[in-house]
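Me: I'd like a close look at a single part of this one, and I'd rather have the local detail than a grand tour. Could you pick a spot, say what surrounds it, and then work outwards?

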Amino acid sequence: MELKSVVPWGRSAAEYKRMFKLEFETFDGLKVLGVGDGPASFNAEMSRSGLDVVSVDPLYQFSREEIAARIKEVTPWMETQLFELADQYIWEEFEDVAALVRARLSSMDTFLADYHAGKKQGRYIYGALPKLPIESASFDLALSSHLLFLYDDMLDQEFHLRSLLALTDLAAEARVFPIVNRQGEVSQFLNATIQGLEEAGRKCSLERVEYRFQKGADMMLRINRR
Ligand SMILES: C[S@@+](CC[C@H](N)C(=O)[O-])C[C@H]1O[C@@H](n2cnc3c(N)ncnc32)[C@H](O)[C@@H]1O
């Protein structure tokens, strides 16, 4: 992956909690794997609160300085894109494009401030689906936010199935949000992926969540090992 092909853009822990219906009473040894977390502040914020989180992303091959410079470079372009595509979003979570950009930059600052320490502690690992560089199947929960199904014009059916089988080998449960692509249409690969997962002995359910931003994106896929 080349840095110039990367558009770093990360969400907050509060957004993750609502996208994935995370209602932990207590962390109590819970281990979470965030795949494709990129520059989201989920890992930084939740680790600070005591949750055991490991994030894996190809972005983590780059240094803090490289990622920070790339964020600075892409922000004006992202802002223009958001103005152009504003009618694809529900402007309640964020009042307008300016508020959204402020929130994303704040989350990414939190990530950048945590990145050095997190890498040393093994919380940010360079790797990519469908095969992650993790051996131990010791996770309780794996999360995929804004990667699977969203980019179904770039990632094929086999990639989706292999990735979700791998995630549910590593974790007892996986949750994916959203299940729509960038046009807000249910991904062309959703049904076949669910069928493949069920045939491989996984149990799948689609659940509505409270989080609302992209139009059409209000469902999460939950997958459990039987
Ligand atoms: C749209 S961003 C979402 C970031 C974060 N999950 C969030 O919701 O704020 C997609 C992320 O997926 C990562 N990614 C791309 N291909 C990947 C792969 N094959 N395996 C894991 N992560 C990947 C990108 O580097 C990027 O950080």
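Reply: **One residue and its strand**

Not counting residues up to four places away in sequence, A142 touches L33, L167, A171, E173, A174 and R175, where touching, or contact, means heavy atoms within 4.5 Å. Before going further: this is a predicted model, in which local features need pLDDT of at least 70 and side-chain atom pairs count only at pLDDT 80 or more, while totals for chains, interfaces and linings use all residues. Residues are numbered from 1 along each chain as its sequence is written, and side-chain values use heavy atoms, with hydrogens and water left out.

So where does A142 sit? A142 is part of strand β4 (strands are DSSP runs of E with at least two residues, helices are H or I runs with at least four, and both are numbered from the N terminus). A142 counts as buried because its relative accessibility is 0% (buried is under 20% relative accessible area, exposed is over 50%, and partly exposed is in between, using a 1.4 Å probe and protein chains only). The rest of β4 follows suit: six of its seven residues are buried, so the strand is largely enclosed by the rest of the structure. For a sense of distance, take G122, which is 20 residues from A142 along the chain: their C-alpha atoms are 16 Å apart.

Now look to either side of β4. On β5, the residue that stands opposite A142 is A174, which also turns up among the contacts of A142. β4 and β5 run parallel and share six bridges (two strands pair if DSSP finds at least two bridges between them). Then there is β1, residues 31–35, which also runs parallel to β4 (residues 139–145) and is joined to it by four bridges. There, G34 of β1 faces L143 of β4.

Zoom out and you get an open sheet of seven strands with mixed pairing, in the order β3-β2-β1-β4-β5-β7-β6. The edge positions go to β3 (124–125) and β6 (202–208), and since each has a single partner strand, one side of each is left without a neighbour in the sheet. Helix α5 (residues 157–170) packs on this sheet and touches β1, β4, β5 (171–177), β6 and β7 (219–225). Helix α6 (residues 190–199) packs on the sheet too, with contacts to β6 and β7.

While you're at α5, have a look at H160, which is found in that helix. H160 counts as buried because its relative accessibility is 0%. Its side chain reaches the backbone nitrogen of F149 at 2.8 Å. Leaving aside neighbours within four places in sequence, the contacts of H160 are L148, F149, L155, F189 and T193, so F149 appears in that list as well.

Back to β4 for its lead-in. S138 belongs to the loop between β3 and β4. Unlike the buried pair above, S138 is partly exposed, because its relative accessible area is 32%. Two side-chain polar contacts are worth clicking on (such a contact is a pair of N or O atoms within 3.5 Å; within protein, one must be able to donate a hydrogen and the other to accept it, and residues adjacent in sequence count only if both atoms are side-chain atoms). One joins the side chains of S138 and K31 at 3.3 Å, and the other links the side chain of S138 to that of S136 at 3.0 Å. Beyond four places in sequence, S138 is in contact with K31 and L170. K31 is where β1 starts, since that strand covers residues 31–35, and L170 is where α5 ends, given its span of 157–170. As for I71, which lies 67 residues from S138 along the chain, 33 Å separates the two C-alpha atoms.

One last stop, away from the strand: R104, in helix α4. R104 counts as buried because its relative accessibility is 1%. With residues up to four places away in sequence set aside, R104 touches W9, G10, R11, E15, F94, Y211 and F213.

Definitions and conventions:
Axes are lines fitted to C-alpha atoms, for helices over the stretch in contact, and angles run from 0 to 180 degrees between N-to-C directions.
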